[in-house]
Amino acid sequence: MRKDLIASAVAVLLFTVVCGLIYPLAVTGIAQVTMPGKANGSQIERDGKVVGSELIGQDFQGRRRYFQSRPSASDDSADATFFNNLGPNQRDLATQQHQAAVAYARRERIALADVPVDAATTSASGVDPHISPENAEIQARRVARVRGLSLDRVNDLIDEHTDGRGLGFMGEPGVNVLTLNLALDEETR
Amino acid sequence: MNVAGWLQIVVFIAALTAVTPIVGRYLMQVFEGERVLLTPVLGPVERGAYRLLGTSPDREQDWKGYARTVLVFSGLFLAALYLLIRLQGSLPLNPEGLTAPPWDLSFNTAVSFLTNTNWQFYAGETTMSYFTQMAGLAVQNFVSAAVGIAVAVAVIRGFARREATRVGNFWVDAIRCTLYVLLPLCLVGALFLVSQGVIQTLGAYVDVTTLTGGTQTLARGPVASQEFIKELGTNGGGFFNVNAAMPFENSSGLTNFVLMLAILIIPAALTNTFGRMVGSQRQGWAVYTAMAVWFIAAVALVYIAESDSTPAMHAAGLHGANMEGKDVRFGIGSSSLFAAVTTVASCGAVNAAMESFSGLGGAVPMANMMTGEVIFGGVGSGLYGMLLFVLLAVFLAGLMVGRTPEYLGKKIGPREIRLVVIGTLFVPLVVLVFTALAIGTKWGAPSIYDSGPQGFSETLYAYTSQANNNGSAFAGYTGFVQPNGDNVGAFGITFANLLGAAAMLFGRFVPMLAALAVAGALAGKRVSPPGPGTMRTDTPTFVVLLVGAVALVALLTFVPALLLGPVVQGLTNQLF
């Protein structure tokens, strides 16, 4: 027992130093030297100022010149993230989804039945950087109209900012809303 | 559903099956002390660690000694981790100036990480400093994994050895596991994650002015190094509150695939290690197949269920798959596969909101956990848990044909069966009693977020997950009592914190001790050569029997409870 206690005390220190300090600090060091951009959060700069991260979605509500992100339970918070946590049979969830769908249908001038599901459901992360290609295609008409761009040009930009599946079959394709909106701003500057 | 989604499931299972014998062989070499590729580099470190701990590979322990060392080590580390969390306000690497979480939350969290559960009643980025996450919680991600694997290897030795009393040296097994298996894989894995955009920095959170002129704060930290061990060690505790849904933890379909493989690789490979060490890989493949059959059924069910609309969506006028609580880059396919992977293994990382899954889509993950986490299960704990079920299956078959049950030539006696019953039924008992306590008393009520049957499901999920050391959640459960005091994200429902901690401790150590005791008993037995009446345990028939035993014992216990929650919801379009 005494022997176990002494060995355990030494092991607590040993594991903490090796797994809790040496390992993470080594990874941090290597990552910061070889891949600083990614290790620090894939930040995007415009005019010398950081405007966001490539991987983190933003809120564009009320700005008709921009593609709109998915609904977020956390108001796109990237420092206090949480899920919506409403079950599949919750009345509150139905109400939320209905309101989101109606707002989307009105904004994009489509029938309620044609609203893509990702446009009326909250994401998991609350900062989903993507929307589905179908969702983007519907929004493209409004964005082109508001910005006075041709629909073809907007669709080309959508293609450029679509991240495909990993190796062709892992996950689903998504359109990166922030980088697409940045490209649009660049286009109509 | 689409072709890519099904293809991913097929490729995933194929990849897992392909790496199982490779990693299984490597694990055997490591634990037998054979020379491996990394020995020239790590050998001196290994020997140095033995010297520091005052031990050596030739000093083996019997099962009681092994168990005692595990318990003393775990108890001491629990105290150390609790103190570290409570003192985080005075410790370095705390750029956001986070103060100590309340005592009950700290205790629940310390137990949670010690027991390989990683249930989180807190939100990482609003509660825990970089130092706590890195030098406290993530250390347990290694240690709890190493403990689980070490015990599994000791249990395997009990099955493999003949007329022996000793089952190995805990320190040697734990150190070899950490040094030769976990650390090297994590180093490579973490750097891969960074290359895909997962962050790894000690820099503070960054405030940005968004395109529309608003502000957004990007929470950051040493994420990649924690993320990979969190999956490889089937721990599951996210750096961020939304766990592997956060793009900074899991940035793409590719990282998602790699992380899922990391979750199952060691539990799968250990079946092969078992086969090799008992002298017949077929025995290992039989166990693997039983696990795989269940897993494939689970994945298919979740994927089909999630591809349909939920009652809420119907009412909202939406048509299509259930994208509520799922990110676009994962979609239905990768979210469903991840949900199945993380719950058959006792990982508990999530890349989607489990609570928003459909009735059936949520029932399957619960059922996976209710098996006692033996379908691959936690690293180590999955294998020794499943071996208890193997003995149970052998015993049931013995009753049916009227022969003395035996496994691998060893007769299974009354003592072993008594231990098996404790090891397989104690945790279900804990789940049911604790759920009843939380549902039936006024103290449990404040934890419930959703109304109607979903509120019951939340509670059932919470105690199933904690008692089986999984850690995933229907996260509405106590999730919305925040902010509390100085800690946004920490909250103080003492009842839930303490009941959950008790569930996790029971769920971790009772089956572990039962398995070690069985191993001790088996190690001493002699092996009789197979006769004409010996039941073979490496055939498809036995696989069916084993799956049946798991379903019968583990799942039937929970049918009434499952009916009250998710099944009701799956069968009705009613809203609550």
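Q: What share of the 576 residues in chain B is buried?
A: This is a predicted model, so the figure is computed from predicted coordinates. A residue is called buried when its relative accessible area is under 20%. In chain B, the share of residues that are buried comes to 67%.

Q: Which radius of gyration does chain B have, and how does that sit with the value for a compact globule?
A: Happily, there is a simple yardstick here: with 576 residues, a compact globule would come out near 25 Å. The C-alpha atoms of chain B fill a box of roughly 75 × 55 × 50 Å along the principal axes. The radius of gyration of chain B agrees with the globule value, at 23 Å.

Q: How many helices and strands does chain B have?
A: Let's look at the contacts before the count: of those in chain B with a separation of 6 or more, 79% are between residues 24 or more positions apart. As for secondary structure, chain B comes to 19 helices and six strands.

Q: What part of the accessible surface of chain B belongs to carbon and sulfur atoms?
A: The whole accessible surface of chain B is about 17300 Å². Of that area, the part belonging to carbon and sulfur atoms is 66%.

Q: Which residues make the nonpolar surface patch of about 350 Å²?
A: A good place to start is Leu552(B), in helix α18 (residues 540–555) of chain B. Residues in a patch need over 30% relative accessible area, and Leu552(B) is partly exposed at 48%. The patch is made by Leu552(B), Leu556(B), Val559(B) and Leu563(B).

Q: Which residues does Thr109(B) touch, leaving aside those up to four places away in sequence?
A: Thr109(B) sits in helix α4 (residues 103–114) of chain B. Its relative accessible area is 0%, so Thr109(B) is buried. With sequence neighbours up to four places away left out, Thr109(B) touches Ile85(B), Tyr122(B), Met128(B) and Leu137(B).

Q: Is Ala164(B) buried or exposed?
A: Ala164(B) lies in the loop between α6 (130–160) and β2 (166–168) of chain B. Beyond residues up to four places away in sequence, Ala164(B) touches Ala523(B) and Gly524(B). The cut-off for buried is under 20%; since Ala164(B) has 18% relative accessibility, Ala164(B) counts as buried.

Q: What distance separates the C-alpha atoms of Ala164(B) and Ser251(B)?
A: These two residues are 87 residues apart along the chain. In space, their C-alpha atoms are separated by 50 Å.

Q: Where in chain B is Glu373(B), a residue with phi near 55°?
A: That phi is a positive value in a residue other than glycine. Glu373(B) has 2% relative accessibility and therefore counts as buried. Its place is in the loop between α13 (359–370) and α14 (381–401) of chain B.

Q: What is the phi of Asp76(A)?
A: Over in chain A, Asp76(A) is found in the loop between β2 (49–53) and α3 (91–108). At 8% relative accessibility, Asp76(A) counts as buried. Its phi is positive, although the residue is not glycine, with a value near 55°.

Q: How far apart are the C-alpha centres of the domains of chain A?
A: Chain A is divided into domain 1 (2–37) and domain 2 (42–187). The C-alpha centres of domain 1 of chain A and domain 2 of chain A lie apart by 40 Å.

Q: Which residue of chain A meets Asp185(A) in a salt bridge of 3.4 Å?
A: The pair links distant parts of the chain, 120 residues apart, with Asp185(A) in helix α6 (residues 177–187) and its partner in the loop between β2 and α3. Asp185(A) is buried at 9% relative accessible area, whereas the partner is partly exposed at 39%. That partner is Arg65(A).

Q: What is the N to O distance in the salt bridge of Glu249(B) and Lys230(B)?
A: Both Glu249(B) and Lys230(B) are buried. The N to O distance between their side chains is 2.7 Å.

Q: Which residue meets Glu406(B) in a salt bridge?
A: Glu406(B) counts as buried at 11% relative accessibility. Its partner counts as partly exposed at 41%. The N to O distance is 3.4 Å, and the partner is Lys411(B).

Key
Residues numbered from 1 in each chain as written. Chains lettered and ligands numbered in written order. Predicted model: local features only at pLDDT ≥ 70, side-chain atom pairs only at ≥ 80, totals over all residues. Heavy atoms only, no water. Helix = DSSP H or I, 4+ residues; strand = E, 2+ residues; numbered from the N terminus. Buried < 20%, exposed > 50% of the residue type's maximum accessible area, 1.4 Å probe, protein only. Contact = heavy atoms within 4.5 Å. Patch = residues over 30% accessible without salt bridge, like charges linked within 9 Å, V, L, I, M, F, W, Y side chains within 5 Å. Areas by Shrake-Rupley, 256 points an atom, 1.4 Å probe, with all protein chains shown as cover. Salt bridge = Lys/Arg side-chain N within 4 Å of Asp/Glu carboxyl O. Rg over C-alpha atoms; globule rule 2.2 N^0.38 Å. Domains from an automatic or database assignment.
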